[in-house]
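Biologist: Got a minute to go through this model with me? I'd like to start with the charged pairs and then jump around a bit.

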Amino acid sequence: MTSLVADYSSHSDSDVEKSPAATLRPVHLHETLGDLTDSREPTRLELAYTRNRVQPLTNAFDRFKRRRSDSQDVALAAHERDRVIARKPPPIGTKRSGSGPRATKEPNINPSQRIKEFPHQCLRISAGMLFCSCCKETLSLLKNSIKTHVSSEKHIKAQKVYLVQRQDDDHVKDVLTQYFAEHADEVTASLPPEVHLYRYRVTEGLMFGGIALQKSDLLRPLLERADIKLTGSQHLRDYVPKIEALEYETLSNELQGQMVFFMFDGTRRLGEALNTVARFCTEEFELWHRLVQFKTLEASPDNKALSSTLTNLVARELYLPFESVTGWGRDSVKVNGTAVARLHVTFSFSTDLLCICHTLNNSGERVDFPEKREFMTSWLILVQNNNAAKQMWKLLTRHAMVGFSTVRWWSRQEVENEIMLNFHLLPTFLQQLEIEEVGDATTRKMRAIYDSDPIGLEVSFAAGYDGTLSLLKTTYELEGDRLEILLVFRRIEALRSFGRSLRGDVENRGLLPNVDAVIRRSLVPKVGSSLKKEFPSHGVFTGHITSIDKEDPDEWTYVISYEDGDTETMVLAELLPLLRVSMDSLREAAVAGIEGAYLYLEKRLTGECDSSYDCSHAYLVCELAQLFDPSFVDANTVDAAWVQRLAAITPLARVEQGRNLLVALEGELPQYLTQAKGFTCDHSCVATFTEEVLTWWKTHTKELPSWSFAARIIFSLSPNSCACERVFSLLKNMFGDDQDSCLADYLQGSLMLRYNKRF
């Protein structure tokens, strides 16, 4: 930084007073401060300069240090804790003694010499010093130091990214140069290519961040520190359609030669909009997701308009051959199903997959207990929206209540589970609300519901917990961007098994441990009460209470007689876990409230429902997709009949290079069985499972060319539409109310840049 400071080195103090018009010369700030450290006394003007320019800054830092120190003695709010600056940990072991400048002196050599000695390393001269453009670091001129830097893993990775960026910059520059040569009448056509590139990148960066372009006018002084003149936001808008066009060009190049699965979804929550995400598996067995369309609409499209929009996207925007489309992912809205049926006429090798997570969510909504529903309506109105009530609950439970969202799957059930786990604190919580007069009518309503039947209310919460825990866990496991297609059948079959148990005989209707525990706690054992007990090496025996010994008022004893004639005595703590509750009316009500969810799921999976909700074909695809899990092939008997069943997956029933793909798979089956022998993987973690399976296929591509190609088709399929849901979440996070009127190309371009990770 330079400033104009009077040169008073040849004047005395009296001369300064007599000659106010002293000679001015540019002096660097460090030179001025450095003068104060020499042996001579500083002049009054130098002292004033130092006092006015440096001291206030020092005082500001001192004040900040004091404030930070003071903050450690008080309890801070969460947002204040986040602002506390992290400190370095204390040194471990003996601290190295001595400090100061580098022991080895910098060689007296021109930096350009080092650039010649290390060519193609993206080194340049900046401010007279050697600078690495890849790592954005100033380097020493020591040869060994430079050699260590350019051979480091950090530099090698940074160089790859830097070269790709330079190549992309050159391409953008060429495209813009050609465009303005053809449109010389535009206002900015005569600007140099470097200026166009910089303005293009600034606009692109603002779009990526979801920052309104008009804010560039406020940031202009900062952005122009790159020594390139910017322009007003009204002119930056001209680059938006160019950014969108180049993004589509990039997408088209990425999708060429790939087997692509398209997922689409619409929303009315944030305005009429339709987004489409492409998913594919590369030859290196990497899963890619790309947002290829975000369309704002005046009204919800019918099936003809929807199918036409998707066809134009594939053919005219992305230039993909129809046979490269492996399928369509959607939710169960009827118009979507009809549109996909129309698309099958054009895209004959595509399949139709309904979102399994929507199906599970809709199943969970069938868990219904009227008293709990009424209680939760009041709870969500009061506790989720009242800070005083939230704090009371937090003090009682020692942790905050889970958040509630009207649009997030299972959010309500997660709140109910939180209440169930802390139900013993509910009376105290309601009492505190009444004492503090929080909620008034809402609190009175919750109190009335609780007092009318506390055991019944607790049983309904416990039933919701036991009945939906697996549903909730499975939904979260399957709503990802990995190889969920290989795990769906295994996970859903476990849910179906639980659902069948609810419809079993009265003695074994579902495993509901929390429901049984609540009921047993409320029971009063009496003569004739039934129980079951397992005796090691002998089996399970049924017994009855034949008498009760009440001599000890503190602990009664119960005499139990078993069906084989044996008897034993128990105290209450031993007896309660063994009491039979299968015939209890509360348990029957609990089963009835849960059973509807699993009946609904069963009908969806077997096709016993409206055709638009029929998941039977999608479920069959998920079952057959297990063939591409090498651990499944190793653990099961897989023969040619299994391969022939793959014909049900439409994109596999194709002819590739003059040969039927299914015939090729059958021919390579013995080799596949041999290669898969002994392979195991962790099915409990979706991320680990995906990584292990993709690595296996990448390793065995050459030995199994047909199976590898088919695997890429299967891995492109997604059993959920969560990729589309994330686009709407991104939209809400990026764009505020001040951007409600932004144009469609800016909206689509911004979302595509962010979702596709172009920065």
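**Salt bridges and other side-chain details**

Modeller: Let's start with Arg 496, which forms a salt bridge with Glu 493, their closest N and O atoms being 2.9 Å apart. By salt bridge I mean a side-chain nitrogen of Lys or Arg within 4 Å of a carboxyl oxygen of Asp or Glu. Keep in mind that this is a predicted model: local features need pLDDT of at least 70, side-chain atom pairs count only at pLDDT 80 or more, and totals for chains, interfaces and linings use all residues. Residues are numbered from 1 along each chain as its sequence is written, and side-chain values use heavy atoms, with hydrogens and water left out.

Biologist: How far apart are Arg 496 and Glu 493 in helix H22?

Modeller: They are three residues apart in helix H22, residues 488-502, so about one helical turn separates them. Helices here are DSSP runs of H or I with at least four residues, strands are E runs of at least two, and both are numbered from the N terminus.

Biologist: And is Arg 496 buried or exposed?

Modeller: Arg 496 counts as buried, at 13% relative accessibility. Glu 493 counts as partly exposed at 23%. The cut-offs are under 20% relative accessible area for buried, over 50% for exposed, and partly exposed in between, with a 1.4 Å probe and protein chains only.

Biologist: Which residues do shared salt-bridge partners join into one network?

Modeller: Asp 168, Asp 169, Arg 201 and Glu 204.

Biologist: OK, how many salt bridges does the structure hold?

Modeller: There are 25. One of them pairs Lys 157 with Glu 153, at 3.2 Å from N to O. Both sit in helix H8, residues 153-182, four residues apart, about one turn of the helix. Glu 153 is exposed, at 55% relative accessible area.

Biologist: What does Arg 412 pair with?

Modeller: Its salt-bridge partner is Glu 416, with 3.4 Å between the closest N and O atoms. Those two lie in helix H18, residues 411-421, and are four residues apart, about one turn of the helix. Arg 412 is partly exposed at 30% relative accessible area, whereas Glu 416 is buried at 5%.

Biologist: Switching to cysteines. How many disulfides are there?

Modeller: Zero. A disulfide would be a pair of cysteine sulfur atoms within 2.5 Å.

Biologist: Why is Cys 135 not bonded to Cys 132?

Modeller: Because their sulfurs are 3.8 Å apart, too far for a bond, and Cys 132 holds the closest cysteine sulfur to that of Cys 135. Cys 135 counts as buried, with 12% relative accessibility. Cys 722 is in no disulfide either; the nearest cysteine sulfur, in Cys 357, is 4.2 Å away. Cys 722 is buried too, at 4% relative accessible area.

Biologist: New topic, the surface. Which residues gather in a patch of negative charge?

Modeller: Asp 549, Glu 551, Asp 552, Asp 554, Glu 555 and Glu 574. Asp and Glu count as negative and Lys and Arg as positive, while His and the chain ends are not counted. A charge is placed at NZ of Lys, CZ of Arg, CG of Asp or CD of Glu. Patch members have over 30% relative accessible area and no salt bridge; like charges are joined within 9 Å, and nonpolar side chains (Val, Leu, Ile, Met, Phe, Trp, Tyr) within 5 Å.

Biologist: Where does Asp 549 lie?

Modeller: In strand E12, residues 539-549. Asp 549 is partly exposed, with 34% relative accessible area.

Biologist: And which residues form a nonpolar patch?

Modeller: Leu 218, Leu 219 and Leu 222 do, with about 330 Å² of accessible area together. Areas come from the Shrake-Rupley method with a 1.4 Å probe, and for residues only the protein chains shown count as cover. Leu 222 is in helix H10, residues 216-223, and counts as exposed at 57% relative accessibility.

Biologist: Last one, backbone angles. What is the phi of Ser 537?

Modeller: Near 70°, a positive value in a residue other than glycine. Ser 537 lies in the loop between strand E11 (530-535) and E12, and counts as exposed at 81% relative accessibility. Asp 440, not a glycine, also has a positive phi, of about 50°. Asp 440 lies in the loop between helix H19 (426-435) and helix H20 (441-452).
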